[in-house]
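Me: I am learning to read protein models and would like to follow one part slowly. Please use what is shown below.

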Amino acid sequence: MDLHIDDFYKDCAAGLLLLYQAFPRKTALYVEDLIGREEPDEFGLPSKRHQGCLGALLWLADEGYLRYESTIAYEALDQAVLTEKGFLRLSRAIPHGVHEGDAELPPSVRRAKATLANQLREALASRNSEKVARLARLLFEPASGGAGDTV
């Protein structure tokens, strides 16, 4: 079983959600805020888990979901912010994002509940690894319609 891929999905989701909550402000994105404190190995190097999380954040930048000005050692990305691509993917409405009982809610609340960001936040909070993985894969798929990331 590839548990590191489940960690990758969680790390990507958690990192992007922190940036979504700060958007459009730039912020420092600390690995410890995403996965908690990990003890360094016997040589003082970050743990594999810590390195994996930082690697996921750097991958998100390489793939155009976020940008940052610099790294703070192995600890964080400094001045990180979502790109247009990251923002549009997280704010897009997803199928089954709104439930039957939501019909009485104001339209703005229904719209917010239907976003991929909200669905990822709920999946992370409930520690539902399968749902996090499914939603993360949806995040990484281009928007339908054949025109890149248009929503």
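What share of the 151 residues in the chain do buried residues make up? After that, please take a close look at the largest pocket and at what surrounds it.

Reply: Buried residues make up 36% of the 151 residues in the chain, where buried means under 20% relative accessible area, exposed over 50% and partly exposed in between, with a 1.4 Å probe and protein chains only. This is a predicted model, in which local features need pLDDT of at least 70 and side-chain atom pairs 80 or more, while totals for chains, interfaces and linings use all residues. Residues are numbered from 1 along each chain as its sequence is written, and side-chain values use heavy atoms, without hydrogens and water.

Before turning to the pocket, it helps to have the outline of the chain. Its secondary structure comes to seven helices and four strands (DSSP runs numbered from the N terminus, H or I of at least four residues for helices and E of at least two for strands). Going along the sequence, these elements follow one another in the pattern α-β-α-α-β-β-β-α-α-α-α. Of the contacts with a separation of 6 or more, 54% join residues that are 24 or more positions apart, a contact being heavy atoms within 4.5 Å.

Now to the pocket itself. The largest pocket holds about 170 Å³ of space; here a pocket is an open set of points on a 1 Å grid over the protein atoms alone where a 1.4 Å probe fits, with protein on both sides within 12 Å along at least five of seven lines, and lining residues have an atom within 4 Å of a point. Points are joined across faces, edges and corners, and the volume is the space filled by probe spheres set on them.

Seven names appear when you walk around this lining: Lys10, Ala123, Leu124, Arg127, Asn128, Ser129 and Val132. By type, the lining divides into three nonpolar, two polar and two charged residues. Two helices, α6 (116-125) and α7 (129-140), each supply at least two residues of this lining.

Arg127, one of the lining residues, deserves a second look, for you will find this residue in the loop between α6 and α7. Arg127 has a positive phi of about 55 degrees although it is not a glycine. Most residues other than glycine have a negative phi, and most peptide bonds are trans. With 74% relative accessibility, Arg127 counts as exposed.

A comparable backbone angle occurs elsewhere at Ala73, whose phi is near 50 degrees, a positive value in a residue other than glycine. Ala73 sits in the loop between β3 (70-72) and β4 (76-82), and at 60% relative accessibility it counts as exposed. Another backbone detail belongs to Pro24, in the loop between α1 (3-22) and β1 (27-30), where the peptide bond from Phe23 to Pro24 is cis, with omega near 10 degrees.

For a contrast with the exposed Arg127, look at Asp11, which lies in helix α1 and, at 2% relative accessibility, counts as buried. Leaving aside neighbours within four places in sequence, Asp11 touches Leu34, Ile35, Arg49, Gly52, Cys53, Ala56 and Leu57. Asp11 and Ile35 are 24 residues apart along the chain, yet their C-alpha atoms are separated by 7.6 Å. Between these two cases stands Tyr68, in the loop between β2 and β3, which at 30% relative accessibility counts as partly exposed. With the neighbours within four places again set aside, its contacts are Leu58, Ala61, Leu77, Asp78, Gln79 and Ala80.

A last point concerns how far to trust each part. The chain averages a pLDDT of 87, and 87% of the residues score at least 70; pLDDT is the predictor's confidence in each residue, from 0 to 100. Confidence is lowest in helix α5 (residues 107-113), at a mean of 73, and highest in strand β2 (residues 66-67), at 98. Over residues 145-151, pLDDT stays under 50, and the model has eleven contacts beyond four places in sequence for them.

Conventions
Nonpolar A, V, L, I, M, F, W, Y, C, P; charged D, E, K, R; others polar.
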